[in-house]
Amino acid sequence: MSALAGGGIVLGLSLRSTEGASTGSTAGARASSGFQPNAFIRISSEGVVTLVAKQMEVGQGVKTSLPMILAEELEVDWKDVVVEQGDLDAAYGSQFTGASTSVLKNYQPLRVLGATARSMLVTAAAQTWGVPERECHAERSAVHHAATGRSLAYGALASKAATLAVPSARAVHLKNPKDFKLLGTRVGDVDSPRIVRGEALYGLDLQLPGMLHASYERCPVFGGVVAEANLAEIKALPGVRDAFVLEGSGGLQSLMPGVAIVAESTWAALSARKKLRVRWTEGQAARTSWAELAAQARLASQQAGAKVLRQDGNAGRALASAAKLVEATYVYPFICHAALEPLNCTAAFEDGSLTLWVGSQAPAWAVDHIHRALAVPKEKIRLHLLRSGGGFGRRLSSDFIVEAAAIAMRVSAPVKLMWTREDEMQHDHFRAGGVHALRGGLDASGRVVAWHDHSVTFGHQGQQPAAPLDEAEFPAQRVDHFTLEQTVIDCRIPTGAWRAPGANVHAWAIQSFIDELAFAAARDPLAFRLELLGDESRFAIGKLLSRGKGYQVGRMRRVLQAVGEKSEWGKTLPHGQGQGVAFHASYGGYVAQVAEVSVSPEGLLRVDRVVCVCDVGEQIVNLSGAEQQVQGAIVDGLSAAWFQAVDFQNGRAVQSNFHDYRLLRLAEAPARIEVHFLRSDNPPSGLGEPALPPIAAAVCNAIFKATGRRIRELPLIRAKLA
């Protein structure tokens, strides 16, 4: 803040203060000598407006979209804005990045912050001119007095505004959305110029004076410990500064036992690691295999569930008396996150204090995990947030951060820990595989009268499943006789959240099975879904509603009807081509998709077109960013469904790099992706996740239409389509 010694204003409201009853009433905006370090808005006397993005940027666009919300209410010209990434600071409130909550939770508080600063600048101008505030208005980084034609730029008003008391949030007037000038427009990512120029931006780019580089060898079987290692030989290698064993508790968010190699360069560290010989005590996890886990899940799915999540009516009796019974079992594999930037963290430990530079989706969790694992007081930990080349839920975990901290505490210099691609794929916190065993009953008219779903998945040693089911998962409350069960089997494979946790597999199984029911009823799949939804617009409430679960029937119907219109649903297609439809509500968003595919006589798949309709509330923040998120989610979901699976043998992940863990290639991406947004009278929600869940089912349903082959096991690459 001392850079503003020439005069300026910092709005020192914390985000938490905007959420309480007495919002902002005790906060103050001070001149440069008394500025607080927790400011969201900073205006210099030269007119430079600095806005803070508090959530971590992982490619979802929040470093651009969140400051846009501030800028809209502040009435600042976007060209005058400088965006800073906020480090971990309690004044920002939660800095958790995940579950598509960044816009959902910050939209209204950030509007208040921006409007508060605008109000203070208007007051400063009115007092300067000696005119009533009602005669002044803010526009394009200046305050104007229409009656006299006078105007003052924000820079000229900054010092005056800094002396004013901060008004209560109740006294601040927010703009009418119809008057928005910035929100809803197309704005490029604020970091794009630096990315294009290849400038230092990501964690892997970070360079510090005297920095060393580390690599960490873990047991290939989760939970294994070091029995012995050739440390003396490794320490004697060129460029190696040290090599040592780290003991650890082995918890998912704690320190995994292993061997650290610290060297003068990444090359020296990785070269030395190739010569490292470790004898491991592997433990019971060495007996784990995917074939065994899949068989266990299939068997469990045919038995009573460990937990009944919802039971309406008597599904068993209704299924037994149904005119037609349809049964199917859907199987999905473990997958890994495969973010393009490998996990990395730079740490420095000096005089009992730990400083971290890292891309973390849950920085406060990281501090807590370091405190627990390494006994470093939380007040002695400082965390700088850096942009990350992909997260998808993997950077919610803190294992790699704890590793870097533990290594730094043994080294008298800053040290950067970098995982290799093989580390990431074989030591991931994997999206768990599992099974959905479904039974549906139809009456003589083809109406669904009974539904039974037993979901079986895996959790690491009693932890909560990474794919939780909600009691209100569709078609709950749409079928009179409805039973939903879930069984979570303990496994010794580390599991974690992957993009759109739960929804990414549940939507595939449920929407595919609905298609099977429609076929059995000889009904059009889209019309069948609309009938199943019904006309009632009540809200189906679930236990996980705070995470965007549950659904509104009216919103579901609108996106489904709209996607039918936009895609020309039901049009005649040549032989070997087909349309498939799917929809899902998750993480506050309602999304329906139609996929058009072609399958050659040889069984080669091509996705020709995807039409997507989204309802994510009343306001799109950044239209360009929103479209990119939807397009990216479709590509990501298609990539996972088509190619990705992690197999385990003897407790080890078989796949190790992109040669045997395929990502979607450019030539395999849909030729056309069309994105449409519907407005609704609901708070805006995020878009990083809701558009992913429907794509797998839409494509699989289209494959059935084109070939008559029903896909009940992923990935698609292992299926015979001809």
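The exercises below work through sheets, helix packing, cores and backbone outliers in a predicted model.

Residues are numbered from 1 along each chain as its sequence is written, and side-chain values use heavy atoms, with hydrogens and water left out. Because the model is predicted, local features need pLDDT of at least 70 and side-chain atom pairs count only at pLDDT 80 or more, while totals for chains, interfaces and linings use all residues.

**Exercise 1. Lay out the open sheet that contains β25, and find its edges.**

Solution.
- Start with the terms. Helices (H or I, at least four residues) and strands (E, at least two) are DSSP runs, numbered from the N terminus. Two strands pair if DSSP finds at least two bridges between them.
- Write the order. Four strands run β25-β26-β27-β30, and the pairing is mixed.
- Find the edges. β25 (577-586) and β30 (672-678) each have a single partner strand, so one side of each lacks a neighbour in the sheet.
- Get the twist. Neighbouring strands are turned by 15° against each other on average, direction ignored. Axes here are lines fitted to C-alpha atoms, for helices over the stretch in contact; angles run from 0 to 180 degrees between N-to-C directions.
- Check one pair. β26 (residues 589-599) and β27 (residues 605-615) are antiparallel and joined by ten bridges. Val594 has Val611 of β27 as its bridge partner.
- Add the helices. Contact means heavy atoms within 4.5 Å. Helix α14 (residues 553-566) touches β25, β26, β27 and β30, and its direction makes about 135° with that of β27. Helix α16 (residues 694-707) touches β25, β26 and β27, at about 155° to the direction of β25.

**Exercise 2. Do the same for the open sheet β6-β7-β8.**

Solution.
- Pairing comes first. The three strands pair antiparallel.
- β6 (136-139) and β8 (150-153) are the edge strands, each pairing on one side only.
- The average turn between neighbouring strands is 25°, direction ignored.
- Four bridges link β6 to β7 (residues 142-145). Glu139 has Ala142 of β7 as its bridge partner.
- Two helices complete the picture. Helix α2 (residues 102-129) lies across β6, β7 and β8, at about 45° to β7. Helix α3 (residues 154-161) also touches β6, β7 and β8, and its direction makes about 75° with that of β8.

**Exercise 3. Describe how α1 packs on α2.**

Solution.
- Geometry: α1 (residues 62-74) meets α2 at an angle of about 35°, with the axes 6 Å apart.
- Handedness: the crossing is right-handed. That label applies if the near helix is turned clockwise from the far one by less than a right angle, and left-handed if anticlockwise.
- Residues: the contact includes Leu66, Ile69 and Leu70 of α1, and Val103, Leu110 and Leu121 of α2.
- Classes: twelve nonpolar, four polar and three charged residues take part. Ala, Val, Leu, Ile, Met, Phe, Trp, Tyr, Cys and Pro count as nonpolar, Asp, Glu, Lys and Arg as charged, and the others, Gly among them, as polar.

**Exercise 4. Which residues touch the most other members of the largest nonpolar core?**

Solution.
- Define the set. A nonpolar core joins buried Ala, Val, Leu, Ile, Met, Phe, Trp, Tyr and Cys residues through side-chain atoms within 4.5 Å. Buried means under 20% relative accessible area, exposed over 50%, partly exposed in between (1.4 Å probe, protein chains only).
- Read off the hubs. Among 110 residues they are Phe334, Trp451, Phe458, Trp508, Leu560, Val699 and Leu716.
- Expand one. Beyond four places in sequence, Leu560 touches Leu526, Arg529, Leu530, Leu533, Val581, Phe583 and Ala592.
- Separate the other. A core of 46 residues lies apart, including Val83, Val103, Leu121 and Leu182.

**Exercise 5. Locate the listed backbone exceptions.**

Solution.
- Set the baseline. Most residues other than glycine have a negative phi, and most peptide bonds are trans.
- Take the cis bonds. Phe474 to Pro475 has omega of about 10°, with Pro475 in the loop between β21 (448-460) and β22 (481-491). Leu714 to Pro715 has omega near 5°, and Pro715 sits in the segment after α16.
- Take the positive phi values. Ala99 has about 60°, in the loop between β5 (81-85) and α2. Glu568 is near 55°, in the loop between α14 and β25.
- Finish with accessibility. Glu568 is at 39%, so it counts as partly exposed.
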